[in-house]
Amino acid sequence: MKYVVLLLPFLMFSQDQNIFYKDQWGLKNTSQIQMIRTSELNQKKVAGIKGMDINWSIPTLTRQPVIAVIDRGLDFDHPEFKGRVWRDPDCKIKDLPKACFGKNFLVARPEKVAEKILAAKGCEDAKEFCESQALNSVSVLDDSGHGTHISGIIAAANDNQGVVGVLPEAVIMPLKVLSNETKSFRYKSKNMSDYFARAIEFAVDHKVDAINMSVGFPDLVLTKRFKNALKKAEEANIPLIVAAGNNNKDFTVYPCSFSNVICVGAINHIGEISEFSNFGHKVDFLAPGDHIISTYPRYLESEKMRVNGYEVMKGSSMAAPYVTALFAALKSKNPNKFTADLISIVAKNSKKISDDRKFSTYGLIDFNKSLDSNTGQDFLVNLKDIPKIKVGSDLKLKLPIEITNLKNFNKDIVIKIESKSSELDIESKEITLGVGKNSLELLGKVENLSVDMIQKLKLSIQIGSNTYKYNLNLVLVYDFDLNLLERFKLPEDDLRLVHKLGTRKTSFLQYIHHYQSRLNNLEYFYSNPLNRKNSEVRVLIASEGKFKKHALFFPKNEEVQYIIKGDYNLDSKNDYLILTLDNSYNQHFYFYAENFRKLYEGDLYRWTYQAKSSVVLDNKKPLLNFEKRLPKFNWIKHNHEVLGEILIPIIKRDGRRPKLDTSDDLLDIDDIGIRTRFFKLIPDENIISPRVFDSPEFKDQLVQKFNIPSSDDIKIHQIINSSFDELNLLMSYGQGLSLTYFTSKFERTFNLVSAKPVFNSLLNLATFINFGLVDDQSLLFQLSDKSLGKLALLDLKSQSLKESNISTNNWKDPFFGFIGADQNEQFVSFFESRYWIHFFSEKLNDKVEINRESSFPGIDFSEGLEPIYVNGLLGVFINSTLIYGNHLYSISQKESAISRPLFTSLEIPKNCAYVLPEIIENEKSSTYLFNCKINDHAFLVKYPLNY
């Protein structure tokens with residue numbers, strides 16, 4: 001090192017004297033042993049690989065760099081940061097000097113808030129308590145540990161105590177934008193990304209050396225101010241480092257995917273890209289992010305290390321601060337260099353790390369080599385700004401490549417492209433970019449519109465004797481012609497009623513459900529926001545290529561939850577049930593005939609569940625609910641005193657037994673408290689009275705049938721199917737895990753008709769799903785552990801059970817949920833896990849990535865998933881609008897795999913909003929639907945999923 005040493009504390013200690021330094025493998029990997037979990041219950045010792053670290057030693061710099069950490073705050077009293085927490089010179093909070101450390105952007109006018117707390121009654125006699133309350137309210141005090149942990153990786157002191165940071169003399173500027181109260185993308189009526197924008201602007205205005213921001217957003221919440229803040233940091237030449245995200249994927253995450261930020265993924269101590277870390281050409285660098293020991297607020301419990309003030313954590317959040325510290329050091333050493341020049345220096349000295357699937361653009365940073373180097377790469381290739389690539393009906397595409405010449409070199413650039421797939425052909429495999437040129441367009445062509453929308457390329461750039469290699473994952477979208485599609489004109493003069501235009505295009509059309517399955521006709525409803533007197537709902541029903549409109553009016557304080565189509569009075573004609581919820585949480589059932597006249601006479605067409613007068617059910621949830629547009633309830637015939645024979649719902653909910661259904665047996669513990677039960681919703685006049693049908697008399701029939709001991713618990717797991725006259729139930733009896741499962745058939749009067757044991761093999765059945773394949777078949781799912789399950793196809797006619805095992809093959813990738821199943825030529829099913837969508841069939845098991853993101857602390861957001869039919873076969877519809885803003889695609893079956901066919905990968909057209917896809921009438925495939933403004937009229941446009 002040749003830099004002048006001005007900071008005397010560096011001479012006082014060796015980093016080896018810090019208690020936990022020997023465990024800081026990210027700084028120096030000496031083959032430290034780590035306990036790696038190999039299953040839910042087991043661990044094994046794994047030694048690290050020497051040199052798989054950032055190649056660090058304490059730098060000698062001519063000045064102290066100031067680093068902004070935009071996060072959850074800091075334990076500013078932690079001894080590891082003593083004397084090195086940035087103080088805001090413009091802070092106006094009197095009598096609370098510690099409140100001036102950094103800045104808390106979540107508190108408006110903090111000086112007024114502090115003044116009010118300190119002036120409260122009784123504070124004269126409890127001064128310390130009130131000062132503590134005021135400090136907690138307005139300061140940057142970290143309430144979760146995330147911000148303190150990141151700050152310690154950057155700048156923990158070399159003080160013979162706990163850990164040492166990469167830059168132990170750096171000054172931390174804690175900028176608080178998150179807390180335990182920020183639990184959505186909005187806080188105090190403001191978009192959360194604008195809080196980050198304000199913090200970036202503040203850091204730039206105060207001329208910090210680098211900014212660390214370990215967070216991720218979906219496209220949904222990105223604002224103009226946030227993008228402008230990134231641009232402001234770029235123009236000020238302040239490196240802004242962000243985390244890649246923790247979803248084990250190579251899709252877009254913001255702000256990581258912006259070209260004016262530096263995105264960091266994580267590696268583990270054996271030199272692999274961490275199991276959780278995002279990767280791909282959007283990720284610039286890698287750094288240690290697994291089992292990272294750093295500082296932690298001393299007022300919070302250290303749950304893993306059990307050492308006050310320190311904790312071990314993992315995530316790309318932990319990797320980003322290593323890179324932040326390096327860029328801050330480079331900025332301190334080279335104050336006049338552009339950020340692009342600093343990136344080129346770090347890129348030239350980084351170590352490539354990749355495997356068959358995971359990679360980054362430049363690789364693992366090398367701290368010492370980068371600081372010792374005065375030169376970087378000759379150029380930077382911008383891979384982040386490559387958009388989704390459009391493919392037209394001619395199957396051709398264009399791929400733009402942009403290169404930044406950093407040294408004004410006078411040489412040709414030779415670019416070589418290699419496609420990793422036979423489905424994509426690049427016309428020019430080698431192109432020479434002449435002197436003075438810095439951009440080109442590669443021309444290509446796909447095999448057909450059924451190719452996978454993700455295509456992988458290898459890019460090689462040669463300048464003189466230097467060759468640089470990159471990987472690219474392209475997202476293809478089909479550039480279809482909206483004017484060629486069939487459309488339905490919507491009967492509205494005011495487009496605001498059905499379609500909201502603007503930055504976020506939204507259709508107000510809501511799906512009308514079916515009472516037993518999924519509707520196969522175009523039927524929607526929407527609320528009229530222009531009606532100030534009533535709650536007005538308009539219903540649109542497609543018929544003979546046109547929509548018919550009906551207007552319904554309800555009390556102003558009632559909001560429509562669902563409209564459900566069915567035959568409720570058993571006259572073989574379609575009826576409509578409209579569910580509303582009022583301000584007092586009373587739920588109302590309105591029954592209308594097909595012409596939207598009242599179905600029942602007088603006031604009996606309106607049933608009410610009175611929230612205040614009932615303690616049976618939770619009254620804040622709709623009594624009838626749906627999952628993936630399938631009903632999660634059943635119907636049974638009921639003889640009403642006035643209405644005669646009608647249908648009433650049976651629901652599965654947590655609740656108490658009504659008094660009318662309680663037992664005289666004082667030892668019947670089932671009567672006590674809330675548990676999952678099945679309820680009949682019976683109208684008494686027009687007031688709904690919930691009644692359990694597993695009453696003591698109901699269960700006595702089963703006790704006599706099977707000679708069940710009184711100590712055994714009898715449970716109803718699932719209504720398998722209902723023919724309105726009888727119920728087929730899946731039940732069990734036994735104790736603990738020793739259960740016997742059986743099917744039982746009950747008449748609608750709940751008299752037992754038959755009962756038969758079906759299997760004893762599915763012990764500890766955790767989750768049942770009744771998908772309703774056909775009337776006499778049901779699909780059951782047992783989750784024996786988080787990543788291993790069993791599918792059972794139950795046939796009621798034969799009482800046979802067809803079982804098959806399913807697994808994610810990775811205990812770290814647990815099942816999240818069931819998507820759909822079907823039986824045609826073979827039985828197939830789709831499941832969702834943490835990282836993948838899994839397909840299981842008798843011939844094939846396969847998976848594709850899902851774009852769930854978890855970078856934003858405390859909030860999970862994901863693509864929407866729903867079963868559909870593509871080319872007549874069961875598939876999965878993927879709604880990516882929460883993450884990408886306007887992208888839809890689907891997964892479908894192929895002979896040897898599943899894929900995301902290009903013809904299903906669409907960007908929502910301009911002036912259109914998507915509506916949930918449907919199977920229309922007798923079509924075999926689903927149809928994408930768009931609510932569009934065309935020539936000042938509103939239309940519903942159909943895009944069939946056939947190829």
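**Disulfides, cores and a sheet in a predicted model**

User: Is C91 buried, partly exposed or exposed?
Analyst: In this predicted model, C91 has a relative accessibility of 22%. Buried requires under 20% and exposed over 50%. The value for C91 falls in between, so this cysteine counts as partly exposed.

User: Which residue forms a disulfide with C91, and is that residue buried or exposed?
Analyst: The sulfur atom of C91 lies 2.1 Å from that of C100, and the two form a disulfide. The torsion of -70 degrees about the S-S bond makes this link left-handed. At 9% relative accessibility, the residue in question is under the 20% limit. The partner of C91 is C100, and C100 is buried.

User: What is the torsion about the S-S bond that links C123 and C130?
Analyst: C123 and C130 are joined by a disulfide with an S to S distance of 2.0 Å. Both of these cysteines are buried. Their link is left-handed, with a torsion about the S-S bond of -90 degrees.

User: Why is the disulfide of C256 and C263 assigned its handedness, left or right?
Analyst: A disulfide joins C256 to C263, S to S 2.0 Å, and both C256 and C263 are buried. The torsion about their S-S bond is about -85 degrees, so the disulfide is left-handed.

User: What is the pairing of the bonded cysteines, numbered in sequence order?
Analyst: The model has four disulfides. Among them are the links of C91 with C100 and of C123 with C130. With the bonded cysteines of the chain numbered in sequence order, the pairing is 1-2, 3-4, 5-6, 7-8.

User: Which helix gives the most residues to the largest nonpolar core?
Analyst: The largest nonpolar core has 167 residues, and I200 and F930 have the most contacts inside it. A helix spanning residues 316–333 gives the most to this core, with 11 residues. That helix is α6.

User: How many residues are in the second, separate core?
Analyst: Nonpolar side chains tend to be buried together in soluble globular proteins. Apart from the largest core, this model has a second, separate core that includes L579, I646, I648 and F746. The number of residues in this second core is 68.

User: Which residues from β60, the strand at 937–944, are in contact with F930, leaving aside neighbours within four places in sequence?
Analyst: With those neighbours left aside, the contacts of F930 include F480, L888, L906, I908 and P909. They also include C912, A913 and Y914. Strand β60 covers residues 937–944, and the contacts of F930 that fall in this range are F939, L940, V941 and Y943.

User: Why is helix α7 described as largely enclosed, and by which elements, among others, are its buried residues covered?
Analyst: Eight of the 10 residues of α7 (residues 339–348) are buried, so the helix is largely enclosed by the rest of the structure. The buried residues are T339, D341, L342, I343, S344, I345, V346 and A347. Their cover includes β10 (262–267), β11 (285–288), α6, α8 (367–372) and β15 (379–382).

User: Which residue has its backbone oxygen 2.7 Å from a polar atom of the S344 side chain?
Analyst: S344 lies in helix α7 and, at 3% relative accessibility, counts as buried. Leaving aside neighbours within four places in sequence, S344 is in contact with G376, Q377, L380 and L406. The backbone oxygen that lies 2.7 Å from a polar atom of its side chain belongs to D341.

User: Is S450 buried or exposed?
Analyst: S450 lies in the loop between β21 (439–446) and β22 (454–463). Leaving aside neighbours within four places in sequence, S450 is in contact with K894, S899, P901, L902, F903 and Y947. Its relative accessibility is 17%, and since the limit is under 20%, S450 counts as buried.

User: Which strands are the edges of the open sheet of four strands?
Analyst: The strand order is β24-β60-β59-β58, with antiparallel pairing. Neighbouring strands are turned by 25 degrees against each other on average, direction ignored. An edge strand pairs on one side only, and the edge strands here are β24 (487–489) and β58 (912–918).

User: Which residue in β60 stands opposite R487?
Analyst: Strands β24 and β60 run antiparallel and are joined by three bridges. R487 falls within β24, which spans 487–489. The residue opposite R487 in β60 is V941.

Definitions and conventions:
Residues are numbered from 1 along each chain as its sequence is written. This is a predicted model: local features need pLDDT of at least 70, side-chain atom pairs count only at pLDDT 80 or more; totals for chains, interfaces and linings use all residues. Side-chain values use heavy atoms; hydrogens and water are left out. A nonpolar core is a set of buried Ala, Val, Leu, Ile, Met, Phe, Trp, Tyr and Cys residues joined through side-chain atoms within 4.5 Å. Buried means under 20% relative accessible area, exposed over 50%, partly exposed in between (1.4 Å probe, protein chains only). Helices (H or I, at least four residues) and strands (E, at least two) are DSSP runs, numbered from the N terminus. Contact means heavy atoms within 4.5 Å. A polar contact is a pair of N or O atoms within 3.5 Å; within protein, one must be able to donate a hydrogen and the other to accept it, and residues adjacent in sequence count only if both atoms are side-chain atoms. A disulfide is a pair of cysteine sulfur atoms within 2.5 Å. Two strands pair if DSSP finds at least two bridges between them. Axes are lines fitted to C-alpha atoms, for helices over the stretch in contact, and angles run from 0 to 180 degrees between N-to-C directions.
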